[in-house]
Amino acid sequence: MQTIEKIDMSAVLNELGLKEVNFGSSSGRDSFGNTSENLIASYSPVDGALIGKVSTTTKEEYEKIMSLAADAYKTWRKMPAPKRGEIVRQYGEALRKHKDALGRLVSYEMGKSLQEGWGEVQEMIDICDFAVGLSRQLYGLSMHSERPDHRMYEQWHPLGVVGIISAFNFPVAVWSWNSALAWVCGDVCIWKGSEKAPLCAVACQNILQEVLEANDLPEGISCIVTGDYKVGEWMTNDTRIPLISATGSTRMGRIVGQAVAGRFGRSLLELGGNNAIIVTPNADMKVMLTAAVFGAVGTAGQRCTTTRRLIVQHGIYDKVKELLTNAYGQLRIGNPLDTNNHVGPLIDKLAVDQYLHAISEAKKAGGRELVAGGVLSGTGYDSGCYVKPCIIEVDAQYDIVKHETFAPILYLMKYNELDEAIEMQNDVPQGLSSAIMTDSLREAEQFLSCAGSDCGIANVNIGTSGAEIGGAFGGEKETGGGRESGSDSWKFYMRRQTNTINYGTKVPLAQGIKFDL
Ligand code: UN1
């Protein structure tokens with residue numbers, strides 16, 4: 001049994017400019033003389049303590065924010081992209097300075113291990129670096145015109161105001177993937193963070209605000225809005241927002257996607273995953289074990305990339321079971337700010353209920369608990385959100401196995417032939433991440449071929465989570481089809497324009513059409 005001493009976060013909160021009551025409307029400051037009485041209280045799942053409160057955005061404030069954003073866009077889009085990149089570079093520098101404090105806040109407000117909290121801030125820094133380089137690229141193609149004395153090319157222009165809706169599990173990094181790219185592309189952003197981690201959003205805004213002020217730039221370049229789904233609805237229905245980038249559940253994404261499509265807006269959706277690792281007899285068992293366990297229990301199973309299913313070849317099934325059981329026996333669950341612990345709490349009691357429900361459904365269907373789950377109680381676990389990572393042996397066809405439960409539950413299942421394993425891996429509604437553990441080139445390439453994994457991410461000898469920012473991130477089917485972060489994801493944040501220029505004295509028509517006056 002662990003005892004969690006009283007956690008003193010005052011130095012962290014001070015450094016990040018957080019107060020007892022924070023005005024989340026725009027700059028994290030009370031620039032509207034905001035006296036909103038609707039406050040969102042943020043309680044830590046670590047020890048149940050109240051960290052602070054954030055005001056919710058009223059409709060009137062939302063309108064003010066939209067006009068700030070529209071004004072700022074006029075300045076920002078005219079600034080050369082490499083100059084915008086310079087602002088993002090400075091933001092990355094500010095994040096480096098505050099990495100420790102912001103990582104600690106992420107860990108305390110959301111519950112992920114401190115290592116992962118720091119990792120999240122590192123992801124922000126990495127995407128800033130990526131965006132700085134990108135600010136000197138944003139390439140368009142040029143084509144050869146079929147007409148004489150004509151030049152044809154395409155160029156990319158900013159979209160305008162980008163709406164970002166992010167989830168509690170990556171309260172700072174996923175916003176940065178979007179905002180850092182959007183900014184260098186010339187867009188301005190409005191960010192609705194999660195109500196479950198509102199202080200993380202205010203902290204990011206405070207850090208950014210200093211950079212904007214130092215460069216004499218308007219705060220409308222990036223604003224935050226705070227509140228429940230209603231604030232999200234204002235954004236999704238707002239024709240002044242040409243792109244909504246939303247991360248969260250498939251249920252939320254379905255609503256957002258339909259609303260935005262209904263007004264011919266663009267949406268970038270990064271929704272649920274149900275990620276599997278296939279373990280073949282040619283797997284390096286040490287590699288498999290670390291990758292699978294981190295994949296399953298990292299962030300207490302609350303990543304969209306969490307490993308939820310392990311599909312193991314029958315000949316090595318018992319061996320894998322034994323290795324996993326031993327490894328799970330060594331997991332330390334407790335205060336995530338203590339770097340000796342591997343697993344922190346779930347975000348809230350609702351998440352705990354969903355965890356218990358999934359275990360009971362799996363057992364009802366015939367699943368056997370290999371490593372038993374349960375809620376931890378006693379001193380140090382007072383918040384009621386700490387649960388034991390568990391492993392359940394199941395049949396791939398159970399309903400609950402097809403469902404994403406945001407908790408550390410790993411479903412274990414057996415296969416005979418690789419074809420069958422790939423089929424099992426693909427036979428879920430979601431399509432985010434996947435992996436195979438094998439040293440066989442043939443097996444690896446079969447898994448990566450067009451007849452292999454149907455996911456947006458397919459790895460070999462790496463777990464399903466922990467993607468680097470340089471690759472495009474996102475998935476197929478109910479994961480929503482969007483791609484954020486690296487590669488050419490920036491194209492989502494811009495509009496393409498094709499330009500044809502006639503520098504001759506005649507007007508020849510394409511397709512050889514004759515039209516003489
Ligand atoms: C998410 O869970 O929404 O690949 C994002 C990963 C992280 C991002 C996860 N880089 O696990």
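In which segment is the place of leucine 517? Let us work towards that and three further exercises.

This is a predicted model, so local features need pLDDT of at least 70 and side-chain atom pairs count only at pLDDT 80 or more, while totals for chains, interfaces and linings use all residues. Residues are numbered from 1 along each chain as its sequence is written, and side-chain values use heavy atoms, with hydrogens and water left out.

**Exercise 1. Place leucine 517 and describe its surroundings.**

Step 1: Leucine 517 sits in the segment after strand 22 (494-502); strands (E, at least two residues) and helices (H or I, at least four) are DSSP runs numbered from the N terminus.
Step 2: Its relative accessible area is 100%, so leucine 517 is exposed (exposed is over 50%, buried under 20%, partly exposed in between, with a 1.4 Å probe and protein chains only).

**Exercise 2. Find the backbone angles of threonine 299 and serine 487.**

Step 1: Recall that most residues other than glycine have a negative phi.
Step 2: Threonine 299 has a positive phi of about 55°, and serine 487 also has a positive phi of about 55°.
Step 3: Threonine 299 belongs to the loop between helix 10 (285-297) and strand 12 (307-313), and serine 487 to the loop between strand 21 (484-485) and strand 22.
Step 4: Threonine 299 has 3% relative accessibility and is therefore buried; serine 487, at 43%, is partly exposed.

**Exercise 3. Describe the lining of the second largest pocket.**

Step 1: A pocket is an open set of points on a 1 Å grid over the protein atoms alone, with protein on both sides within 12 Å along at least five of seven lines; a cavity is a set where a 1.4 Å probe fits but cannot get out, and lining residues have an atom within 4 Å of a point.
Step 2: There are 19 lining residues, and Val293, Phe294, Val297, Leu331 and His342 lie nearest the centre of this pocket.
Step 3: Helix 10 gives the most to this lining, with 5 residues; helix 5 (114-134) and helix 11 (317-329) each supply at least two.

**Exercise 4. Say what lines the largest cavity.**

Step 1: The lining includes Ile40, Gly193, Glu195 and Pro198.
Step 2: Helix 7 (198-214) and strand 8 (222-225) are the elements that give two or more residues to it.
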